[in-house]
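Got the viewer open? Let's take a walk through this one together, picking things to select as we go.

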Amino acid sequence: MAKLMAISVMDRVITSTKGLEYHHWVSDAETTFVEKEYTSTIKPSVDAAPSTEKDKAHALMFLKRHIDPNLCWGYHHLKTPKELCDALESRFGNIHDSLLPQLIVQWNEIRFLDYVKVNDFQKYMLQIQARLDLCGKKLTDEEMIQKTL
């Protein structure tokens, strides 16, 4: 039962080399690692017992299984989960710097009349809002209402 729960917790995969979903992936991976008791493999702690080689191998296999195959090939030489996490952090950790200009353009171009269904417009608008929020740009309720009108 615990294995099934762990699989459902981590269903997100870094699916592109752009890393747009990297921050969600990290959050899911950390949650799964807590459940599987692999946290010490990526965040060594003085209080925690040192991780075993078996735990490191399981954690590394788990991480590699949840990234794009092209990324996996690029990082196949890394032998510990900490090395892999650090490499992905250095590559995607500041993705919001390059993403913010694109999101602002998307926000400026989205129009209610371009959508057949209200739900589609609202879904896309909320996705842009969430990504802008991740990048540090908060949209006000007034801006959201104005965009809808």
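Among contacts in the protein chain between residues at least 6 apart in sequence, what percentage join residues at least 24 apart? It comes to 51%. Keep in mind throughout that this is a predicted model.

**Start with the cartoon**

Show the protein chain as a cartoon and follow the sequence along: you'll pass nine helices and zero strands. Written as a pattern, that reads α-α-α-α-α-α-α-α-α. Now colour by burial. Of the 149 residues in the chain, 32% count as buried.

**The cores**

Next, select Y22, W25, F33, L63, Y75, L84 and L88. These belong to the largest nonpolar core, which has 20 residues, and they are the ones that touch the most other members. Which elements give two or more residues to this core? They are helix 2 (22-36), helix 4 (53-65) and helix 6 (81-92). Apart from this core lies another, of 11 residues; select W107, L132, C135 and L139 to see some of its members.

**Helix 2 and what comes after**

Go back to helix 2 and select residues 22 to 36. Put a distance between its end C-alpha atoms: they are 21 Å apart, which agrees with the 21 Å that 15 residues should span at 1.5 Å a residue. The buried residues here are Y22, W25, V26, D28, A29, T32 and F33.

For a contrast, pick E30, also in helix 2. Is E30 buried or partly exposed? E30 is partly exposed, with a relative accessible area of 35%. Now add I42 to the selection. E30 and I42 are 12 residues apart in sequence, and their C-alpha atoms are 9.1 Å apart in space.

Step past the end of helix 2 to E37, in the loop between helix 2 and helix 3. Check the backbone there: phi of E37 is near 65°, a positive value in a residue other than glycine. At 64% relative accessibility, E37 counts as exposed.

**Helix 6, side by side**

Now select helix 6. It has 12 residues and reaches 16 Å from its first C-alpha to its last, close to the 16 Å expected at 1.5 Å a residue. Show the side chains of P81, L84, C85, A87, L88 and F92, which are buried. Where do they sit around the axis of helix 6? They cover an arc of only 165°, which puts them on the same side of the helix. To see what covers these buried residues, turn on the neighbours, including helix 2, helix 3 (39-42), helix 4, helix 5 (69-74) and helix 7 (95-109).

Stay on helix 6 and pick K82 and D86. Their side chains meet in a salt bridge, 3.1 Å from N to O. Both lie in helix 6, four residues apart, about one turn of the helix. That spacing is worth a thought: an α-helix has 3.6 residues a turn, so residues three or four places apart point the same way. As for the surface, D86 counts as partly exposed at 41% relative accessibility, and K82 counts as partly exposed at 31%.

**A lysine on its own**

Jump to K64, in helix 4. How far away is the nearest side chain of opposite charge? That side chain is E83, 8.3 Å away, and K64 has no salt bridge although it is buried. A salt bridge needs the nitrogen and oxygen within 4 Å. Light up what K64 touches instead: C72, Y75, H76, L78 and L84, leaving aside residues up to four places away in sequence. You've met two of these already, since Y75 and L84 are in the largest nonpolar core.

**Last stop: more salt bridges**

The structure holds five salt bridges, and you have seen the one between D86 and K82. Select D114 and R111 for another, with N and O 3.3 Å apart. R111 counts as partly exposed, at 45% relative accessibility.

Finish with D133 and K138. Their closest N and O atoms are 2.6 Å apart, forming a salt bridge. How do the two partners compare with the surface in mind? D133 is partly exposed at 35% relative accessibility, whereas K138 is exposed, with a relative accessible area of 60%.

How values were computed:
Residues are numbered from 1 along each chain as its sequence is written. This is a predicted model: local features need pLDDT of at least 70, side-chain atom pairs count only at pLDDT 80 or more; totals for chains, interfaces and linings use all residues. Side-chain values use heavy atoms; hydrogens and water are left out. A nonpolar core is a set of buried Ala, Val, Leu, Ile, Met, Phe, Trp, Tyr and Cys residues joined through side-chain atoms within 4.5 Å. Buried means under 20% relative accessible area, exposed over 50%, partly exposed in between (1.4 Å probe, protein chains only). The expected span of a helix is 1.5 Å times one less than its number of residues. The arc is that of the directions from the helix axis to the C-beta atoms. Contact means heavy atoms within 4.5 Å. Lys and Arg count as positive and Asp and Glu as negative; His and the chain ends are not counted.
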